[in-house]
Amino acid sequence: VMGLLVGDRPLESKERGVASAVVGEATLALGRIRALREREQAQMSAEKERLRANLLRSISHDLRTPLTSIIGSVDILLDRDGSLDDVESRRLLGGVRSDATWLGETVENLLAITRLENGAMCLSTNLELMDDVIEEALRHVDRRVSEHSLVVEPSDGDCLVDVDARLMVQVVVNLVNNAVKYTPAGSHITITLRRAGKWVETSVSDDGPGIPLEDRSKVFDTFYTVGQGLADGHRSFGLGLSLCKSIVEAHGGSIWLDSATPHGCVFAFTLPARDLSGGECR
C-alpha cells in the first residue's frame, strides 16, 4: 500500500505518472524478493532432503553391522554344544554388550539432535556447578576409558551455569568418548574447567594423533566422520560432535577445536557464567 499526502488539491497527471512508476518499480522489487525467498526455501528443502537421504543411507548400512554381529553371537551362544569354553563365551558376550551399547548411544544422539534442530526440545534449565556435571558425565563414558589415562583438573573459580544438566552431561560424555575412540590405548585425556570472565570454559584434550587440517572445519557437521567424509559403512554416524554443537549453542555458548601441544586436539566450549540469583555474571 502506498499513500500520498497532497492536501486538498487533486493529483496532477505528471504526479500520477510518477506515483504509478514508483508502484511499478516496487511491485517488481517485491516480486524479486518473493522469488528469492522461494528459491532459498527450495534450496533449504533440497538440503534437508539430502541430509535425510544421507541419514537413511547411514542407518540402513551402519545399523546392520552391529545387529548382525549381535544376532550371530547370540545364535552361537544359544546353539553351543559344550564346545565353547568360558573365555570364548565371555568374548562373545562382551562383543554383544559393546554393539548394544553403541546402538543405544547412537539412538539417543539421533533423537536428541533431531529434536534440537527441529525446535521440539525444550530446555529444562537449573543452576548447576559444571564440576558436578563433569562428575556425573564420567559415570556414563565408554568403558574403554580405563585403557587411557584420564585426569580431571579442578576448577579455579566459581563455575556456576544455568543449563539442562541431562543435555550438558551428554556433551561431556560425547567429547570424552570421542577422545577415547580416536586415540590409542595409553593416551592421556585431560578435562579442564575454568572461569574466564563472564564465561565458564570446559575443555577435553588428548595427546592422540590429532585431526587433519582438512577435517577441522567439518568435524561439527552432521553425518561427518573424520577421515571418512560423510558417514557410510563405518561404525559412526558423525552425530556426537554435531549434537554437542547444537546443545552448547542452544544454551547461548560456543564450541571449537584447537590443536594440542605437541600433538593431539582440544575440544573446548563456553557457557554463560551465572551468579546464585541466576543472573549473568559481568
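**Note on the predicted model: fold and salt bridges**

1. In this predicted model, Arg144 has a relative accessible area of 41% and is therefore partly exposed. The side chain of Arg144 meets that of Asp142 in a salt bridge, with 2.8 Å from N to O. Asp142, by contrast, is buried, because its relative accessible area of 17% falls under the 20% limit for that class. This salt bridge thus joins a partly exposed arginine to a buried aspartate.

2. The pair just described belongs to a set of seven salt bridges in the structure. As a general point, side chains of opposite charge can pair when their charged atoms come close. The points on Glu88 and Glu201 below describe further examples.

3. The overall architecture may be stated briefly. The protein chain contains seven helices and nine strands. It comprises 282 residues, of which 35% count as buried. When contacts between residues at least 6 apart in sequence are considered, 69% of them join residues at least 24 apart. The chain exposes about 16800 Å², and carbon and sulfur atoms supply 54% of that area.

4. Helix 5 deserves separate mention. It runs over residues 165–182 and has 18 residues. From its first C-alpha to its last it reaches 26 Å, which is close to the 26 Å expected at 1.5 Å a residue. Helix 5 is also mostly covered, as 13 of its 18 residues are buried.

5. Glu88 and Arg91 form a salt bridge whose closest N and O atoms are 2.5 Å apart. Both residues lie in helix 3 (residues 86–117), and because they are three residues apart there, about one helical turn separates them. In an α-helix there are 3.6 residues a turn, so residues three or four places apart point the same way. Regarding accessibility, Glu88 counts as partly exposed at 26%, while Arg91 is exposed, with a relative accessible area of 52%.

6. A further salt bridge links Glu201 with Arg194, and here the closest N and O atoms are 3.2 Å apart. Glu201 counts as buried at 16% relative accessibility, whereas Arg194 counts as partly exposed at 35%. In addition, Glu135, Glu136 and Arg139 are joined into one network by salt bridges that share partners.

Definitions and conventions. Residues numbered from 1 in each chain as written. Predicted model: local features only at pLDDT ≥ 70, side-chain atom pairs only at ≥ 80, totals over all residues. Heavy atoms only, no water. Helix = DSSP H or I, 4+ residues; strand = E, 2+ residues; numbered from the N terminus. Buried < 20%, exposed > 50% of the residue type's maximum accessible area, 1.4 Å probe, protein only. Contact = heavy atoms within 4.5 Å. Areas by Shrake-Rupley, 256 points an atom, 1.4 Å probe, with all protein chains shown as cover. Expected span 1.5 Å × (residues − 1). Salt bridge = Lys/Arg side-chain N within 4 Å of Asp/Glu carboxyl O.
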